[in-house]
Amino acid sequence: MSIRTLPLLFLNLGGEMLYILDQRLRAQNIPGDKARKVMNDIISTMFNQKFMEELFKPQELYSKKALRTVYDRLAHASIMRLNQASMDKLYDLMTMAFKYQVLLCPRPKDVLLVTLNHLDAIKGLIQDSPTILHQVDETFRQLTDIYGGLSAGEFQLIRQTLLIFFQDLHIRVSIFLKDKVQNSNGRFVLPVSGPVPWGTEVPGLIRTFNHKGEEVKKTEFKHGGSYVAAPKEGSLELYGDRVLKLGTNMYSANRPVETHMSAASKNLASRTQESIVPNPLAKEELNLLARLIGGMEMQKPSGPEPGFRLNLFTTDEEEEQAALTRPEELSYEVINIQATQDQLANDELARIMGEFEITDQSRRNASKGDDWLAMMDEL
C-alpha cells in the first residue's frame with residue numbers, strides 16, 4: 001500500500017463532486033449569487049492551507065466510511081444541505097467516475113495527469129475570487145513537487161492502492177451504460193484501441209535478441225486492436241497541455257445520469273461489509289481523521305441568507321425509498337465518534353466534529369422553494 005495515495009484520491013473525488021454540483025446549479029436555474037457562494041465555499045474549504053497540509057502528510061488510506069465522513073463535511077461547507085440518500089447517490093457517482101479513470105490510465109503515472117485535469121477544471125468553476133484561485137495553484141505546486149519526481153514503480157504502487165480501494169464497487173451509472181463502457185453487472189469494459197502509453201510502441205512486433213544483446217529476429221503478430229502511438233507526453237506545467245482527457249468534466253453536456261446497485265454488488269454485500277470486530281487501528285485512524293477534518297475551516301454564513309436542501313431524486317418520497325432499499329452494508333453512514341472513554345485524548349476531536357454538526361433546526365429553516373428536485377434524474 002502506498003502512503004502517497006490519499007491526496008490523489010481526495011482531489012479527484014472532490015473534482016467529480018464539483019462537476020456534478022456545478023452542472024445541477026445551472027440546470028436547475030439556481031440564482032447566480034447562491035450558486036457562486038456554494039461553489040466558492042466548497043472549493044475554498046477543500047483547498048484550505050491547513051487542510052492541505054494534513055492531506056499531504058504520508059499516511060495510509062482511510063476506510064471508505066472514514067473518507068465518506070470527510071466528503072459529508074465538505075459538501076455541507078456552504079448553505080447547501082443533503083440528506084443521506086442524496087449524499088449516497090452523489091458519492092456513488094464520484095467514486096465510479098474516478099474508478100473508471102484509474103482503470104483507463106495508459107500509464108500508472110497518468111493518475112497525476114488526471115488529477116491535474118481536475119484541478120484545471122476546478123479553477124474554471126471559481127468566480128470572482130483570486131484568493132481561492134491562489135489556493136488551488138498552491139495545491140497544484142505541491143502536487144508537482146511531490147509527485148513529479150516519483151518513479152514508475154512508485155506510481156504503480158499508487159495505482160494498485162487505488163484499485164484495491166475501488167475493487168468491490170460495481171455501481172451502474174447510466175452514462176457509462178449508454179456509452180457501452182460499463183456492463184450490466186457494473187463492471188467496466190476496457191478498450192482495445194486508442195493511444196498506447198507514452199514511451200511504448202504499438203503492439204504487433206516481437207524482437208528476439210542473442211546473448212550479446214544483438215537483434216537477430218523480428219516476428220509480427222495480430223494484436224486484435226486499433227492502437228496508435230501517443231502523440232506526446234502530457235505536461236505537468238501550470239497551464240500545460242495534459243494530452244490525456246481522463247478527468248475532464250463529463251457532465252458538460254446535458255445527459256441523464258442514474259445510479260443502480262448491480263445484483264453482483266448486492267450479493268457481495270455481506271463480504272464487503274466492514275468487520276464488526278473492533279479494529280486495533282481504529283483509534284489511530286480516528287486521530288488522523290480528527291487532524292484532517294480539523295484543517296477544514298468551514299465558511300461561516302454571512303448575513304441571514306437561508307440555506308437550501310439538495311435532493312438528488314424526483315420527490316422526497318423517492319429519496320426516502322432509496323434510503324430504505326439500499327443495502328445497509330453498502331451505505332456510507334457518517335461516523336459517530338464518542339468522546340467519553342478517553343476525554344483528554346478526544347476533547348479536540350469532539351470539538352471539531354461539533355463545529356460541523358448540522359442541526360435539525362437548520363434543516364427545518366431551509367427554504368422548500370429552493371429544493372433541488374431531480375438533481376441527477378434530469379441531467
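**Close-up views of a predicted model**

**View 1. Helix 4 and its buried residues.** In helix 4, the buried residues are Ala66, Leu67, Arg68, Thr69, Val70, Tyr71, Asp72, Arg73, Leu74 and Ala75. Please keep in mind, here and in every view below, that this is a predicted model. Helix 4 covers residues 64-75, and with 10 of its 12 residues buried it is mostly covered. From its first C-alpha to its last, helix 4 reaches 16 Å, close to the 16 Å expected at 1.5 Å a residue.

**View 2. The whole chain, for orientation.** Stepping back for a moment, we have a chain with 15 helices and eight strands. Of its 379 residues, 47% count as buried. Taking contacts in the chain between residues at least 6 apart in sequence, 81% join residues at least 24 apart.

**View 3. Helix 5, an enclosed helix.** Helix 5 spans residues 84-104. Because 18 of its 21 residues are buried, helix 5 is largely enclosed by the rest of the structure. Its reach from first C-alpha to last is 30 Å, close to the 30 Å expected at 1.5 Å a residue.

**View 4. Asn12 and its partners from farther along the chain.** Look for Asn12 in helix 1, which runs over residues 6-27. Asn12 has a relative accessible area of 0%, so this residue is buried. Which residues touch Asn12, once its neighbours within four places in sequence are left aside? Asn12 is in contact with Phe98, Val114, Thr115 and His118. Val111 is a useful landmark here: Asn12 and Val111 are separated by 99 residues in sequence, yet their C-alpha atoms are 9.4 Å apart in space.

**View 5. Helix 7 and what covers it.** Helix 7 runs over residues 130-147. Its 18 residues reach 26 Å from the first C-alpha to the last, close to the 26 Å expected at 1.5 Å a residue. The buried residues of helix 7 are Ile132, Gln135, Val136, Asp137, Thr139, Phe140, Leu143, Thr144 and Tyr147. Among the elements that cover these buried residues are helix 1, helix 2 (32-46), helix 3 (49-55), helix 6 and helix 8 (152-166).

**View 6. Two loop residues with positive phi.** Just before helix 7, the loop that follows helix 6 (110-125) holds Asp128. Phi of Asp128 is near 55°, a positive value in a residue other than glycine. Is Asp128 buried or exposed? With a relative accessible area of 71%, Asp128 is exposed. Val243 also belongs in this view, with a positive phi near 65° in a residue other than glycine. Val243 sits in the loop between strand 6 (226-228) and strand 7 (259-261). Its relative accessibility is 24%, so Val243 counts as partly exposed.

**View 7. The second largest pocket and its lining.** The second largest pocket has a volume of about 600 Å³. Of the 26 residues that line this pocket, Leu104, Cys105, Pro106, Pro195 and Leu244 are the closest to its centre. Which elements each supply at least two residues of the lining? They are helix 5, helix 6 and strand 3 (193-195). Strand 3 gives the largest share of the lining, with three residues. By residue type, the lining divides into 17 nonpolar, three polar and six charged residues.

**View 8. The hairpin of strand 4 and strand 5.** Strand 4 (residues 205-209) and strand 5 (residues 215-220) pair in the antiparallel sense, over five bridges. To follow the pairing, start at Leu205, which stands opposite Glu220 in strand 5. Continue to Arg207, whose bridge partner in strand 5 is Lys218. Five residues lie between the strands of this hairpin, and Gly213 takes a positive phi near 85°. How many of the six residues of strand 5 are buried? The count is zero, and strand 5 is hardly covered.

Terms used: Residues numbered from 1 in each chain as written. Predicted model: local features only at pLDDT ≥ 70, side-chain atom pairs only at ≥ 80, totals over all residues. Heavy atoms only, no water. Helix = DSSP H or I, 4+ residues; strand = E, 2+ residues; numbered from the N terminus. Buried < 20%, exposed > 50% of the residue type's maximum accessible area, 1.4 Å probe, protein only. Expected span 1.5 Å × (residues − 1). Contact = heavy atoms within 4.5 Å. 1 Å grid on protein atoms, 1.4 Å probe; cavity = no way out; pocket = protein on both sides within 12 Å on 5 of 7 lines; lining within 4 Å. Points joined across faces, edges and corners; volume = space filled by probe spheres on them. Nonpolar A, V, L, I, M, F, W, Y, C, P; charged D, E, K, R; others polar. Pairing = 2+ DSSP bridges.
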